[in-house]
There are 2 protein chains.
Amino acid sequence: MPPEARRTQQKDAIREAFASEGRPLSPQEALESAQSRVPGLGIATVYRAIKRFLTDGTLVAVELPGATTRYELAGLGHHHHFCCRRCDRVYDVEGCPPRVAELTPDGFELEAHEIVLRGVCSGCSQTAATT
Amino acid sequence: MPPEARRTQQKDAIREAFASEGRPLSPQEALESAQSRVPGLGIATVYRAIKRFLTDGTLVAVELPGATTRYELAGLGHHHHFCCRRCDRVYDVEGCPPRVAELTPDGFELEAHEIVLRGVCSGCSQTAATT
DNA sequence: CATGTAATGATAACAACTTCTCATTATCCG
DNA sequence: CGGATAATGAGAAGTTGTTATCATTACATG
């Protein structure tokens, strides 16, 4: 049996990072966010916490093309993602277009689908000017 | 100015691999396919050829969530991809569902989108039986 | 509050993929 | 054909992201 988990301010800070940011975070992003609460936090602890949160169902992995894996709180239901090419942040997007399943070639069995939108987020869009 | 390119049987074999397979290939897949034409072919040569083909517009990169980058012949037009979880091969799929752009959150600027279908390809589906 | 032990932080070690190095080979052009 | 040099193959070396090691710290319980 696995060792009993202890509650620590580090894990609390990491969990809180995902909850407060409200978008999928990479381990590095989670580290930076959580460090505002626990300054000395190390990246190894973030990886350990994420692994534990995946196991206990707190987080789920979000894989994106050409980017490192992000993680977000579980239980959000079916949704997709938007990647900003300026800040590299990933955002959740609601909804799902109709007829996605119709793309499936004959003889293929569709089990899941993912949609990734790309562009510039509202924050970066305002800051804009330069390309 | 860059050195003048020479035509070699290795590059021909690699280009032919992409043309004959008709689907996005990883460097490793391209190597295996091209080795049927040039047995001694090395992986370094495949990487060098791909880099050159990207530069001269012969190939384009296809990035997928949680998978190594694939490459395919350029000029295929807008399309999406299907990943088989059994054989890990990637296939092109025609078409594009309507209203994808409507998912974009307010204030965000959409520039592109990608759809990845997942499941089992027709080849693996027949071989099936086991899960 | 004393104690057993899970958790942490820093860093080394991994793993997967890609690029570099260099001696050798092949291509191209006069 | 002969020479200049681009291309190749094999393996070393880099990258980037993740996991393991280990001495130290901090939970949590009696």
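Let's start at DNA strand D: 22 residues sit around it, and Tyr47(A), Arg6(B), Thr8(B), Thr45(B) and Arg48(B) come nearest. Here a residue is near a molecule or strand if one of its heavy atoms lies within 4 Å of it. Before going on, note that this is a predicted model, where local features need pLDDT of at least 70, side-chain atom pairs count only at pLDDT 80 or more, and totals for chains, interfaces and linings use all residues. Residues are numbered from 1 along each chain as its sequence is written, chains are lettered from A and ligands numbered from 1 in the order in which they are written, and side-chain values use heavy atoms, with hydrogens and water left out.

Back to strand D. Which part of the DNA faces the protein? Of the atoms of DNA strand D within 4 Å of the protein, 68% belong to sugar or phosphate, and the rest belong to bases. Some polar contacts fill in the detail, a polar contact being a pair of N or O atoms within 3.5 Å; within protein, one must be able to donate a hydrogen and the other to accept it, and residues adjacent in sequence count only if both atoms are side-chain atoms. The side chain of Thr8(B) has an N or O atom 2.8 Å from a phosphate oxygen of DNA strand D. The side chain of Arg52(B) also places an N or O atom 2.8 Å from a phosphate oxygen of this strand. Gly42(B) uses its backbone instead, with an N or O atom 3.2 Å from a phosphate oxygen of DNA strand D.

As for the elements involved, H3 of chain A, along with helix H1 (9-21) and H3 of chain B, each supply at least two residues of the surface near DNA strand D. Helices (H or I, at least four residues) and strands (E, at least two) are DSSP runs, numbered from the N terminus. H3(B) gives the most to this surface, with four residues. Sorted by class, the surface near DNA strand D has seven nonpolar, seven polar and eight charged residues. In that sorting, Ala, Val, Leu, Ile, Met, Phe, Trp, Tyr, Cys and Pro count as nonpolar, Asp, Glu, Lys and Arg as charged, and the others, Gly among them, as polar.

Now turn to DNA strand C. It is surrounded by 21 residues, the closest being Arg6(A), Thr8(A), Thr45(A), Arg48(A) and Tyr47(B). Sugar or phosphate accounts for 67% of the atoms of DNA strand C within 4 Å of the protein, and bases for the rest. A backbone N or O atom of Glu4(A) lies 3.1 Å from a sugar or linking oxygen of DNA strand C. Gly42(A) has a backbone N or O atom 3.2 Å from a phosphate oxygen of this strand, and the side chain of Arg52(A) has an N or O atom 2.9 Å from a phosphate oxygen. Two or more residues of the surface near DNA strand C come from each of helix H1 (9-21) and helix H3 (43-55) of chain A, and helix H3 (43-55) of chain B. The largest share, four residues, comes from H3(A).

Next, look at how the two protein chains meet. The contact (heavy atoms within 4.5 Å) takes 36 residues from chain B and 36 residues from chain A. About 3,000 Å² is buried between them, with carbon and sulfur atoms giving 61%; buried area is the accessible area (1.4 Å probe) that two parts lose on being put together, summed over both. In chain B, Leu103(B), Phe108(B) and Glu114(B) lose the most area to chain A, together 21% of what that side buries.

How many salt bridges cross this interface? The rule finds four between chain B and chain A, counting a side-chain nitrogen of Lys or Arg within 4 Å of a carboxyl oxygen of Asp or Glu. One pairs Arg85(A) with Glu111(B), whose closest N and O atoms are 2.7 Å apart. There are also 14 residue pairs in polar contact between the chains (both at pLDDT 80 or more). S5(B) supplies the largest share of the side of chain B that touches chain A, twelve residues.

Strand S5 (residues 109-120) of chain A runs antiparallel to S5(B), joined by eleven bridges; two strands pair if DSSP finds at least two bridges between them. Val120(A) stands opposite Glu109(B), and Leu110(A) has Gly119(B) as its bridge partner.
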